[in-house]
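Me: Please teach me how to read local features in a model, one at a time. I am happy with geometry and want the cut-offs as we go.

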Amino acid sequence: MASSPAMGLQSWFSNPRRDVLSGLVVAFAMIPEAIAFSGIAGVDPRVGLFGAFCLSITIAFVGGRTAMITSATGSTALLMTGLVATGNARGEGLGLAYLMAAGILTGVFQILWGYLRLAYQMRFVPLGVLSGFVNALALLIFQAQLPQLGINLHFGEAGNDHAMHALSGGQIPVVWSLVLLGLVIIYGLPRITRALPSQLVAIIVITAISMGLELDIPKVMDLGELPNGLPIFNIPFGDVSNQRVPFSLETFGIVLPTALSISLVGLMETFLTQDILDERTDSNSNKNTEAKGQGIANIVSSFFGGMAGCALVGQSVMNIDNGGRTRLSTLSSGVSLLAMILLASTWLKQIPMAALVAVMIGIAVSTADVAGLRNIQNIPKSDTAVMVMTFAVTMLTTPHNLALGVLAGVALAGILFSRKVAKVIRVEAIKISNDECRYVVRGQLFFVSKVYFLQGFDVHEHPARITIDMSQAHIWDQSGVGALNQLIRKLRLGGSVVNVEGLNKESLNLFERIGSQPEGSHG
């Protein structure tokens with residue numbers, strides 16, 4: 001971002017006390033989510049926790065937006081479920097190895113997107129697509145919690161050992177009661193005080209109740225192994241007998257769809273978070289630098305046994321609201337997270353899954369575009385259609401593919417926009433005499449609008465002279481050139497002398513490149 005040493009130090013130490021304290025508070029909020037997202041992906045909690053630590057530490061140095069928090073996220077975890085299940089079906093422990101390989105490839109893609117300036121193309125993603133994206137993400141996060149509540153609708157991937165263990169009849173009412181208590185705390189406590197994160201308080205209260213009453217309900221320890229030391233550098237490629245995957249084209253083909261989806265969905269959520277923070281702090285940041293930084297962070301995380309991730313909207317806003325402004329706040333969150341993991345792992349194991357379900361339901365609600373859904377009757381029908389398309393494609397694909405949903409939404413938005421622009425073209429017929437007619441064309445002539453363009457001419461009447469005035473029109477593509485030439489041919493076959501005037505320089509250049517020129521035309 002800045003080139004001079006002074007400005008570099010400014011991005012680190014201009015606000016040290018508040019940055020360190022804010023990072024500490026954010027770390028508390030990152031722990032439950034990292035554990036919960038590990039469960040969604042189907043891996044041990046340590047994978048999410050190591051990912052949160054590695055991502056936060058790395059992005060503090062290489063990110064393009066100061067004070068933004070990067071960690072394991074729901075949007076990326078949902079994309080990992082199928083790959084982990086596929087890997088585990090091929091051999092014990094291979095799900096994690098495939099996931100690490102996908103994380104490395106994700107990072108490579110994101111560095112490439114940064115150099116290709118993908119962020120600039122995000123300007124063409126309409127709000128309808130973003131609304132459908134976040135609503136689908138919210139539903140998928142909520143849906144992933146249902147097995148924890150004893151509701152098994154077969155949403156999870158087959159072979160996912162970390163999908164929720166079935167609850168016995170006696171456990172269900174206890175779990176539901178604790179989840180409801182957690183939601184009451186999460187939404188009620190901020191009305192009283194914001195001194196402590198309500199999610200953290202909910203986890204502490206529910207854990208205390210569970211331990212005090214010795215409740216027999218699923219806990220974090222049931223998900224798998226928690227960290228008992230620092231993450232270790234590990235290459236996921238090697239012999240299958242050592243729970244590694246071959247470095248081959250076959251492995252590349254298996255991880256490619258997941259890596260590509262994570263790279264795109266992760267950057268979309270990161271850029272959205274970046275825009276929110278830029279607006280809140282009245283500042284600008286470099287999205288392409290952030291894309292490269294996210295890629296580097298995901299590669300580092302994957303080599304140290306952590307899952308890939310992206311920026312977190314909630315924690316990033318929390319960091320800003322608590323006074324975090326520089327890279328030190330992001331670094332502080334990562335260091336504090338690791339310290340808490342190592343010092344409090346015994347306590348973390350006792351956290352009931354009901355507490356994490358309450359946290360994740362709260363995240364799902366905050367993720368959804370609630371305002372957009374409330375005002376859906378006031379939103380243009382085209383925007384609603386784009387939102388529904390994005391949402392539907394995401395939910396109907398197996399496994400659920402947020403990236404494909406976004407692409408479908410953008411494609412539909414492009415089609416609907418083209419139709420709107422096409423209808424803007426107008427043709428006015430002016431009858432000068434029985435032997436002469438003048439047509440004035442206004443608007444944009446391209447592959448969609450050519451139908452409306454041709455409909456504006458009467459090819460059944462053939463006055464001696466016809467003038468087509470294109471001075472208020474613009475031809476954009478080969479289809480537009482073809483439509484004008486087709487019209488001229490039809491009119492001349494009827495015996496009319498056709499003259500085209502007013503073609504602007506760009507339109508004439510297009511005719512010349514294609515290798516044609518309407519006879520009698522002039523600029």
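Reply: Let's start with exposure: a residue is buried under 20% relative accessible area, exposed over 50%, and partly exposed in between (1.4 Å probe, protein chains only). This is a predicted model, where local features need pLDDT of at least 70, side-chain atom pairs count only at pLDDT 80 or more, and totals for chains, interfaces and linings use all residues. Residues are numbered from 1 along each chain as its sequence is written, and side-chain values use heavy atoms, with hydrogens and water left out.

Me: Is Tyr-187 buried, partly exposed or exposed?

Reply: Tyr-187 has a relative accessible area of 40%, so it is partly exposed. Tyr-187 belongs to helix α8, residues 171–188. Helices (H or I, at least four residues) and strands (E, at least two) are DSSP runs, numbered from the N terminus.

Me: Which residues form a nonpolar patch on the surface with Tyr-187?

Reply: Val-365 and Val-370 join Tyr-187 there, and together the three have about 240 Å² of accessible area. Such patches take residues with over 30% relative accessible area and no salt bridge, with nonpolar side chains (Val, Leu, Ile, Met, Phe, Trp, Tyr) joined within 5 Å and like charges within 9 Å. A salt bridge puts a Lys or Arg side-chain nitrogen within 4 Å of an Asp or Glu carboxyl oxygen; areas are Shrake-Rupley values with a 1.4 Å probe, and for residues only the protein chains shown count as cover. Val-365 sits in helix α15, residues 353–367, and at 42% relative accessibility it counts as partly exposed. Its C-alpha atom is 9.1 Å from that of Asn-135, although the two are 230 residues apart along the chain.

Me: How many aromatic pairs are there?

Reply: Rings of Phe, Tyr and Trp (its six-membered ring) pair if their centres lie within 6.5 Å; planes under 30 degrees apart are stacked, over 60 edge-to-face, the rest tilted. That rule gives eight aromatic pairs. Phe-237 and Phe-247 are an edge-to-face case, with 5.0 Å centre to centre and 85 degrees between the planes. Both lie in the loop between α9 (198–212) and α10 (249–281), so the pair ties together parts that are 10 residues apart in sequence. Phe-237 is partly exposed at 23% relative accessibility, whereas Phe-247 is exposed at 72%. Phe-453 and Phe-457 also pair edge-to-face, at 5.1 Å and 65 degrees, and both residues are buried. Phe-233, Phe-303 and Phe-304 make up one aromatic cluster.

Me: What does a positive phi tell me to look at?

Reply: Most residues other than glycine have a negative phi. Here Ala-67 has a positive phi of about 70 degrees; this residue lies in the loop between α3 (45–62) and β1 (70–71) and is buried at 0% relative accessibility. Arg-117 has a positive phi near 60 degrees, in the loop between α5 (94–115) and α6 (118–121). At 45% relative accessibility, Arg-117 is partly exposed.

Me: In which sense do β3 and β4 pair?

Reply: Strands pair if DSSP finds at least two bridges between them. Strand β3 (residues 426–433) and strand β4 (residues 436–445) are antiparallel over seven bridges, and Val-427 has Val-441 in β4 as its bridge partner. A hairpin of two residues joins β3 to β4. Strand β4 also runs parallel to strand β5 (residues 465–475), with nine bridges; Leu-445 has Ile-475 in β5 as its bridge partner.
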